[in-house]
Amino acid sequence: MSLTHAYRICDLVLASNTALPELIPVKTLDAECRFELLPAGISSFDDVDWFHHWTMEENSEEKDANQAWLRVGRVAEGYVLRFPSFGDFFVSADAMKIRCRPLPGTPAVTVRHLLLDQVIPLVLSRRERIVLHSSAVLTAHGIIAFAGMTGRGKSTLAASFAREGCALVSDDCLVLRVERGCWMALPSYPGVRLWPSAVGEVLREDAPTAEVAHYTGKRRVGDAHVLPFASGPAPIQRLFFLADDADKVSLEKLSPARAIISLVQLAYNLDIKDAAFLRRQFDAVVFLTEEVPAYAIHYPREFASLSLVREAIVRHLEDDRDRDAE
């Protein structure tokens, strides 16, 4: 395999035999993980022990809700991640090798999206203590994260903060790591995926965008002049879990038990049958809830409400800072 490209994503150096223009290039080929794009074709994996599947898909209104979006199984040397409509990804047991054989006709942009936004977060879950379905931004008070499943509005809320000058940290893959006794959030890669209506309402009508994948109408915004991107890790100060739609903006402090349950539900995990890993992940989640306050945030899902949400969060952070200073 000729690895002619190298990139950084979430502090992971990824070597690749194909260009990944969404990522930040690096000059070294001393990679921690290697990606190989194979010629299109039909999967050759046999004797796969399929143990998990997802039916929820990002553009779910265009898909049969009962159709598997992603199936995960074990083979002798690692894991198979099968996207039935698009192809297979193989991840080695040590999470150091990724290979993709797309189905004929799957566009390159879709392969890159599946790699960066679906497969890499699962790969990182084998290497890091906690990886969350979470958008995050760097504020004057530190990093704050918005956690929730697809469709809750994480990306839109993060983009609204970034449009006001807060650097974007992640779109839907937030790596949390303990350094010197402090929980740090690592930047993912520049860009956020938004529906065209959100691009126009939250950013600006002429904001440059790129295709995310051929099967979704979402657009990728990665221009640093539109959305600044964080340059390095920083302490995480708050976790905000996006609750159901509400008539007004409110913040609800979560008990440790509720925070733990929410974090476990929103943590990426490649192998849900790895008992030893699950214990380590649970211990890390408990430690995180002890160190980082968690809140449920309720608000109307209307673009006009985003400024009120930002004001409520900033006021909350400032009030805590003032209390700490007393």
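## A tour of two cores and one enclosed strand

Begin by selecting leucine 81 in this predicted model. Leaving aside its neighbours within four places in sequence, leucine 81 is in contact with Leu70, Arg71, Val72, Gly87, Asp88, Phe89, Val91, Val119, Leu122 and Leu270.

Next, add Phe89 and Ile98 to the selection. Together with Leu81, these residues touch the most other members of the largest nonpolar core, which has 41 residues. To display the elements that build this core, select strand 1 (5-9), strand 2 (12-16), strand 4 (33-37), strand 6 (70-75), strand 7 (78-83), strand 8 (87-92), strand 9 (97-102) and helix 1 (108-124); each supplies at least two residues. Helix 1 gives the largest share of this core, with nine residues.

Now move to Ile130, Ala145, Trp183 and Leu239. They are among the 30 residues of another core, which lies apart from the largest one. As a general point, nonpolar side chains in soluble globular proteins tend to be buried together.

The last stop is strand 21, residues 294-299. Why is strand 21 largely enclosed by the rest of the structure? Five of its six residues are buried, so the strand is largely enclosed.

Two strands pair with strand 21, and each may be selected in turn:

- Strand 19 (residues 234-245) runs in the parallel sense to strand 21, over five bridges. Here, aspartate 245 stands opposite tyrosine 299 of strand 21.
- Strand 20 (residues 250-253) pairs with strand 21 in the antiparallel sense, over four bridges. Lysine 253 stands opposite tyrosine 295 of strand 21.

Key
Residues are numbered from 1 along each chain as its sequence is written. This is a predicted model: local features need pLDDT of at least 70, side-chain atom pairs count only at pLDDT 80 or more; totals for chains, interfaces and linings use all residues. Side-chain values use heavy atoms; hydrogens and water are left out. A nonpolar core is a set of buried Ala, Val, Leu, Ile, Met, Phe, Trp, Tyr and Cys residues joined through side-chain atoms within 4.5 Å. Buried means under 20% relative accessible area, exposed over 50%, partly exposed in between (1.4 Å probe, protein chains only). Contact means heavy atoms within 4.5 Å. Two strands pair if DSSP finds at least two bridges between them.
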